[in-house]
Amino acid sequence: MRFIIQHCFSYLMIILVITTAVLLGANFYTAVAVVETVGSNPVTVVIDAGHGGEDGGAVSADGVRESVINLQIALRLNDLFHLLGTETKMTRTEDVSLHSDDHATIAAKKVSDLKNRVELVNGVPNPLLVSIHQNMFEESKYHGMQVFYAPTGGSQSLAETIQSITAIDPTNRRVAKPAESIYLMQNIRCTGVLVECGFLSNPEECAKLCTDGYQKQMSLTVAAGVTDYLRKVSTNEV
Ligand SMILES: [Zn+2]
């Protein structure tokens, strides 16, 4: 019975990853390699849903809060990694700020929240950080996912691997960039990236980011990128 269950799970995994690969335009052999490596990888992926609680992050013209979209995509990402057998730790699973109780002003709470996130990430054994955010700009024409990387080993490669998966938006020409002034990225000790999934300032992209379908595609993109990066690490390609 146990053998049958394990076998069914393996088939499910293969179907999932092949479906993911087909959806994202990767080739079949990459998909099979991913199936072989993710189950035994000891890395814990820390999934950080940016902002939360009083800090809603960016807000679209029609009131969509970044913190809400971040959490929805982060929860989907968490589900995908569990299905793939990859350990995860989420910084938050509800719409809350992570500041300590002894701070009164919004600015102090924000600083405390970021320090607590850094402490949480650095306290996880063998972590890899993926921080989920949404972008904002004065002009509404800009769109597309962009990945920013920490100055730690492996981060640039991880960012470029995620950024290279463009099936979700083939017109996206953005490139991965260093996260130069982002406190969380500058203070973690592990491989880490911050994914700006899209622009809330672009009404079309904002509407897509609110849908189940696009959130699923976005979380698949990030999960496939992280999984492919871990495969490259395990085969000494990075
Ligand atoms: Zn943000």
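**Close-up views of a predicted model**

**Figure 1. The end of helix 3.** Glycine 85, located just after helix 3, adopts a positive phi of about 80°. The structure shown here and in the following views is a predicted model. Helix 3 comprises 19 residues and extends 27 Å from its first C-alpha to its last, close to the 27 Å expected at 1.5 Å a residue. Many positions of helix 3 can be inspected in this view; the buried ones are Glu66, Ser67, Ile69, Asn70, Leu71, Ile73, Ala74, Leu77, Asn78, Leu80, Phe81 and Leu84.

**Figure 2. The zinc site.** Three residues provide the protein donors of the zinc ion: His51 through NE2, Glu66 through OE and His133 through ND1, at 2.1 to 2.2 Å from the ion. The spacing of these donor residues in sequence is H-x14-E-x66-H. Histidine 51 belongs to the loop between strand 1 and helix 3, while histidine 133 belongs to strand 3, so the two histidines tie together parts that lie 82 residues apart in sequence. Histidine 51 has a relative accessibility of 14% and therefore counts as buried. Histidine 133 likewise counts as buried, at 13% relative accessibility. Glu66, the remaining donor, is among the buried residues of helix 3.

**Figure 3. The largest nonpolar core.** In soluble globular proteins, nonpolar side chains tend to be buried together. The largest nonpolar core of this model contains 39 residues, and Leu128, Val130, Val193, Val195 and Val226 have the most contacts inside it. At least two residues of this core come from each of strand 1 (44–49), helix 3 (66–84), strand 3 (127–135), strand 4 (146–149), helix 5 (155–163), strand 6 (191–199), helix 7 (203–209) and helix 8 (212–234). The most is given by helix 8, which supplies eight residues.

**Figure 4. The surroundings of leucine 128, and a second core.** When residues up to four places away in sequence are not counted, leucine 128 touches Val43, Thr44, Val45, Val46, Leu158, Cys190, Thr191, Val226, Tyr229 and Leu230. A second core, separate from the largest one, has 13 residues, including Phe148, Met185, Cys190 and Leu194.

**Figure 5. The salt-bridge network around arginine 117.** Side chains of opposite charge can pair when their charged atoms come close. Asp48, Asp113 and Arg117 are joined in a network of salt bridges. In one of these pairs, the side chain of arginine 117 meets that of aspartate 48 at 2.7 Å, N to O. Arginine 117 lies in helix 4 (residues 106–122) and aspartate 48 in strand 1, so this salt bridge ties together parts that are 69 residues apart in sequence. Arginine 117 also forms a salt bridge with aspartate 113, again at 2.7 Å, N to O. Aspartate 113 and arginine 117 are four residues apart in helix 4, which means that about one helical turn separates them. The members of the network are buried: arginine 117 has a relative accessibility of 2%, aspartate 48 has a relative accessible area of 1%, and aspartate 113 has a relative accessibility of 5%.

**Figure 6. A salt bridge between glutamate 139 and lysine 141.** The structure holds nine salt bridges. One pair consists of glutamate 139 and lysine 141, whose side chains meet at 3.8 Å, N to O. Glutamate 139 counts as partly exposed, at 40% relative accessibility, and lysine 141 counts as exposed, at 55%.

Key
Residues are numbered from 1 along each chain as its sequence is written. This is a predicted model: local features need pLDDT of at least 70, side-chain atom pairs count only at pLDDT 80 or more; totals for chains, interfaces and linings use all residues. Side-chain values use heavy atoms; hydrogens and water are left out. A nonpolar core is a set of buried Ala, Val, Leu, Ile, Met, Phe, Trp, Tyr and Cys residues joined through side-chain atoms within 4.5 Å. Buried means under 20% relative accessible area, exposed over 50%, partly exposed in between (1.4 Å probe, protein chains only). Contact means heavy atoms within 4.5 Å. Donors are N, O and S atoms within 2.8 Å of the metal (3.2 Å for Na, K and Ca); water is not among the atoms, so sites may look incomplete. A salt bridge is a side-chain nitrogen of Lys or Arg within 4 Å of a carboxyl oxygen of Asp or Glu. The expected span of a helix is 1.5 Å times one less than its number of residues.
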